[in-house]
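Hi,

Here is the structure I said I'd pass on to you. Have a look at it first, and then read on for what turned up.

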Amino acid sequence: MSIEETFDAVVVGAGLAGLQCARLLAGAGRRVLLIDRKRALDAGVHTTGIFVRRTLEDFALPPDCLGPAVRHVTLYSPARRPLRLESAHEEFRVGRMARLYERMLSECLRAGVSWSPATRFLGCEPEPAGGRARASGVGASRVRFERGGLEFSVGARFVIGADGSLSAVAASLALEQNREWIVGVEDVFADAGGDPTPRFHCFLDPLLAPGYLAWVVSDGEETHVGVGGYAARFDPARALDAFRASLGGIVDLSRARKIERRGGRIPVGGVLRRIACARGLLVGDAAGAVSPLTAGGLDPALRLSTLAARVADEYLSTGDPATLAQYSGARFRARFTSRLWMRRGLRGVRSPLAAEAACAVLRLPPFDRLAAHVFFGRGSFPDVDAAATGGAARRPQPVAL
């Protein structure tokens, strides 16, 4: 790769959103460069990898990259009083994310994507007049990287930031940046004992997980044990140790084999308002595309990056700035105002007594239906086609990987 090279699109970050964007743009005939700081995508996975029913119905994810279906959810109060919920549908599957990332990367390479691992994004500036990228039109940039101690740069007609909640691309393009997030940490186990039924255990406890939840997700093959909350209000590692020690009778980890520890920041402020400009756009966590209430980000990552690829391809073809109006974070954000308010409510629960009372209410009709809707509802992220066009929702076509 030389300094003279110019790409239609440079995608920074090879998580779910970045891989989806790169694959779709290359499939549309665009010349794409995909970069990531990691040497291998199976290292340092951050997400639990819970795919919801809506995603499983609309995107043809590889079955061998998914665990068994989960229909059962149990919500526990701080005193461990349970509310048991069961769906008639296969609601969740836990992705084997390292395998899925590698599969998606292979699809990218087959589509013609240029791949640069172990590469750090340094910044991007408008292409000088007379530069090759500028001559190709659109909002061209000179993008700078570092790899193996050496700096290099390429021309890009468009830059896509898929580089996480603290997006350097957002800062470089003067787009909006995340301001609110929680932090989570979890351990992943194989061969855990206990209930053989695949189940999602959620624990509402403001001391262990302030502003969010502790969880055990067990699908019969893997068991994920984690805590999440606002960083200023707890020590995640200590909270995880305390939570694990309290799980007797719920899951048996005495003979389980620990596979890995995962952790990271999760933006929960909702989709950012300004996520696109003439030189690029943001997807995934960089765009704040995470449900403010549940902190689920995989469904938004696939939906928003699919729309982003379509918008970017059209913009590269026409150069019409009006095309980017379809990719308005303000339009998406308006579709889940209620979840932003519920996020504020959950953030404000600091007393175990208040959490206990809230859980007691949720065990009563008709509020138990509200709990079922939170876990089993299909509206955690707005339909991107409806939000972009202002029209009726259009069911996306399944996307095979």
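Let's start with a small detail: the side chains of Ser 291 and Thr 294 are joined by a polar contact of 3.2 Å. Keep in mind throughout that this is a predicted model. Ser 291 sits in the loop that runs between strand 20 (280-282) and helix 7. Is Ser 291 buried or exposed? Its relative accessibility is 1%, so Ser 291 counts as buried, the cut-off for that being under 20%.

Now the cores. The largest nonpolar core is made up of 74 residues. Those with the most contacts inside it are Leu 16, Leu 19, Phe 51, Phe 145, Phe 158, Val 283 and Tyr 327. Helix 7 (residues 298-318) gives this core its largest share, 11 residues. If you want one residue to click on, try Leu 19: leaving aside residues up to four places away in sequence, Leu 19 touches Gly 13, Ala 14, Leu 34, Leu 41, Tyr 101, Met 104, Leu 105 and Cys 108. There is also a second, separate core of 26 residues, and Ile 182, Leu 213, Leu 346 and Phe 376 are among them.

On to a sheet. This one is open, with 7 strands in the order 6-5-14-15-16-12-18 and mixed pairing. Its edges are strand 6 (82-86) and strand 18 (257-267), each of which pairs on one side only. On average, neighbouring strands here are turned by 15° against each other, direction ignored. At the strand 6 end, strand 5 (residues 72-76) runs antiparallel to strand 6, and 5 bridges join the two. Within that pair, Val 73 stands opposite Leu 85 of strand 6. Helix 6 (residues 236-245) packs on the sheet, where it touches strand 12 (181-190), strand 14 (199-203), strand 15 (214-218), strand 16 (222-229) and strand 18. The direction of helix 6 makes about 130° with that of strand 16.

Last, helix 11 (residues 367-376), where Ala 371, Phe 375 and Phe 376 are buried. Why do these three lie on the same side of helix 11? Because the arc they cover around the axis is only 110°. As for general background, an α-helix has 3.6 residues a turn, so residues three or four places apart point the same way. The buried residues of helix 11 pack against helix 2 (53-58), strand 5, strand 6, strand 7 (92-94), strand 14 and helix 10 (352-362). Phe 376 is the one to follow from here, as a member of the second core too.

Cheers

Methods
Residues numbered from 1 in each chain as written. Predicted model: local features only at pLDDT ≥ 70, side-chain atom pairs only at ≥ 80, totals over all residues. Heavy atoms only, no water. Core = buried A, V, L, I, M, F, W, Y, C linked by side-chain atoms within 4.5 Å. Buried < 20%, exposed > 50% of the residue type's maximum accessible area, 1.4 Å probe, protein only. Helix = DSSP H or I, 4+ residues; strand = E, 2+ residues; numbered from the N terminus. Contact = heavy atoms within 4.5 Å. Polar contact = N/O pair within 3.5 Å; in protein donor to acceptor, adjacent residues only side chain to side chain. Pairing = 2+ DSSP bridges. Axes fitted to C-alpha atoms, helices over the stretch in contact; angles between N-to-C directions. Arc of directions from axis to C-beta.
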